[in-house]
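Hello,

Please find the structure below. My notes on it follow.

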Amino acid sequence: MENILEIKDLVVSYGIIRALKGVDMVIPKGKTVVVLGANGAGKTTTMRTISGVVKSVSGQILLEGKDIRNKQPYVIAKRGISQSPEGRLILGGLTVEENLRIGAYSVKSKSNIKKSFDQVYDLFPILKERKDQQATTLSGGEQQMLAIGRALMVNPKVLLLDEPSLGLAPLIVKDIFQTVKKIAAEGVSVLMVEQNARQSLLIADYAYVMELGTIKTHGTGDTLLKDDALISAYLGKKKEKPSAAAEAKADEGAAETSAAEEDAADEGAADNPE
Ligand SMILES: Nc1ncnc2c1ncn2[C@@H]1O[C@H](COP(=O)(O)OP(=O)(O)OP(=O)(O)O)[C@@H](O)[C@H]1O
Ligand SMILES: [Mg+2]
């Protein structure tokens, strides 16, 4: 099978902290690959290194066979990798449509921009309904849709999603994951970091589990779902808080869950089998 992206022996350091200690991953064309792992495992670092925001020490990041490692973020974006970052980073003072238009900043062709708008509004009809509303008025789930939609405005080959389910209620998470599946079915390859292990494995073609900057294990979504020992050892820990309070917090535009809240959520951490 053809791989759109191949990561080979990737090493990343923040000063003396070695965050990635030789990571290997492949993302086949048009598939959804999920990256799981505990807090601090190196998931976000992997995404940010692919998109060029974080520089790596050594290794390879091959996009369609060509090494893009340590290129400037705008060059990588231009080559077809688009990221929806951890914490969404929606511009609250702007409307939905203005946020999407910013996503298309690098696209020159008006007809391509129009096509992207149509595609995003087709995937997320609620965004079309709300296109003239300020982004701050959106619910947490709608803001996440907007963040994904914005990343799609450049018509990417690869979509990087960092914890799209964070802070969202279970039903909305299901919705978002179904849309991710649809995006992949339309030919965009998806690399998605998640802590919502079971639900994300349900839609994953393939998954990697990271631990302390390395790949602990990998396999198809189905295989990992059946591995009870692995699920309880590595995937039981959650930082989502799928409660009304979390949704309300997301509604206020608060992107990150605080450490104290994460701990509180972890204590009640029965993974939602839905
Ligand atoms: N900007 C930074 N400066 C220094 N160390 C960092 C920085 N960003 C991350 N780290 C460290 O690198 C390691 C990997 O962090 P990373 O954010 O990639 O983990 P993660 O798997 O995304 O975790 P989480 O689930 O909490 O989002 C951690 O030890 C973290 O403390
Ligand atoms: Mg992270």
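Start with one pair of residues. Ala 207 stands opposite Gly 219 in E10. That pair sits in a longer ladder: strand E9 (residues 206-211) and E10 run antiparallel and are joined by six bridges. The two strands form a hairpin with two residues between them, and Leu 212 there takes a positive phi near 45°. Please keep in mind that this is a predicted model.

**The chain as a whole**

The chain has 274 residues, and 43% of them are buried. Its secondary structure comes to twelve helices and ten strands. Of the contacts with a separation of 6 or more, 71% link residues 24 or more positions apart.

**The six-stranded sheet**

E9 and E10 belong to an open sheet of six strands. The order is E6-E7-E8-E3-E9-E10, and the pairing is mixed. Which strands stand at the edges? They are E6 and strand E10 (214-220). Each has a single partner strand, so one side of each is left without a neighbour in the sheet. On average, neighbouring strands here are turned by 20° against each other, direction ignored.

At the other end of the order, the pairing is parallel: E6 and strand E7 (residues 158-162) share four bridges. One of these links Ser 82 to Leu 159 in E7.

Now look at E6 itself, residues 81-84. Ile 81 and Gln 83 point one way. Ser 82 and Ser 84 point the other way. In general, side chains in a regular strand alternate between the two faces of the sheet. In E6, all four of these residues are buried.

Two helices to look at on this sheet are H1 and H6. H1 touches strand E3 (32-37), E6, E7, strand E8 (189-193) and E9. The direction of H1 makes about 150° with that of E7. Helix H6 (residues 140-152) also packs on the sheet, where H6 touches E6 and E7. The direction of H6 makes about 165° with that of E6.

**The four-stranded sheet**

There is also an open sheet of four strands, in the order E2-E1-E4-E5. Its pairing is antiparallel. E2 and strand E5 (66-67) are the edge strands, and each pairs on one side only. E4 and E5 are joined by two bridges. In one of them, Leu 62 has Asp 67 of E5 as its partner.

H1 packs on this sheet as well, touching strand E1 (3-14), E2 and E4. Its direction makes about 70° with that of E2.

Leu 63 is worth a stop. This residue is found in strand E4 (residues 58-63). Is Leu 63 buried or exposed? It counts as buried, because it has 21 C-beta neighbours inside 10 Å and the cut-off is 20 or more. Leu 63 lies 58 residues from Leu 5 in sequence, yet their C-alpha atoms are 4.7 Å apart. Leaving aside neighbours within four places in sequence, Leu 63 is in contact with Ile 4, Leu 5, Ile 68, Arg 79, Gly 80 and Ile 81.

**Helix H1**

H1 packs on the six-stranded sheet and on the four-stranded one. Seven of its eight residues are buried, so H1 is largely enclosed by the rest of the structure. The buried ones are Lys 43, Thr 45, Thr 46, Met 47, Arg 48, Thr 49 and Ile 50. After H1 comes Gly 52, with a positive phi near 90°.

**Ligand 1**

What surrounds ligand 1? The residues are Tyr 14, Ile 17, Ala 19, Gly 37, Asn 39, Gly 40, Ala 41, Gly 42, Lys 43, Thr 44 and Thr 45. Four are nonpolar, six polar and one charged. Strand E2 (17-28) and helix H1 (43-50) each supply at least two of them. H1 gives the largest share, three residues.

**The nonpolar core**

The largest nonpolar core has 69 residues. Leu 159, Val 180, Val 190 and Ala 207 have the most contacts inside it. Helix H7 (residues 170-185) gives the most to this core, with seven residues. Not counting residues up to four places away in sequence, Val 190 touches Thr 32, Val 33, Leu 159, Leu 161, Val 180, Ile 183 and Ala 184. Two residues from the strand pairs above return here: Leu 159, the partner of Ser 82, and Ala 207, which stands opposite Gly 219.

Best wishes

Methods
Residues are numbered from 1 along each chain as its sequence is written. Chains are lettered from A and ligands numbered from 1 in the order in which they are written. This is a predicted model: local features need pLDDT of at least 70, side-chain atom pairs count only at pLDDT 80 or more; totals for chains, interfaces and linings use all residues. A residue is near a molecule or strand if its C-beta atom, placed from the backbone, lies within 6 Å of it. Ala, Val, Leu, Ile, Met, Phe, Trp, Tyr, Cys and Pro count as nonpolar, Asp, Glu, Lys and Arg as charged, and the others, Gly among them, as polar. A residue is buried if 20 or more other C-beta atoms lie within 10 Å of its own, exposed if 12 or fewer, and partly exposed in between; C-beta atoms are placed from the backbone. Two residues are in contact if their C-beta atoms, placed from the backbone, lie within 7 Å. Two strands pair if DSSP finds at least two bridges between them. Axes are lines fitted to C-alpha atoms, for helices over the stretch in contact, and angles run from 0 to 180 degrees between N-to-C directions. A nonpolar core is a set of buried Ala, Val, Leu, Ile, Met, Phe, Trp, Tyr and Cys residues joined through C-beta atoms within 7 Å.
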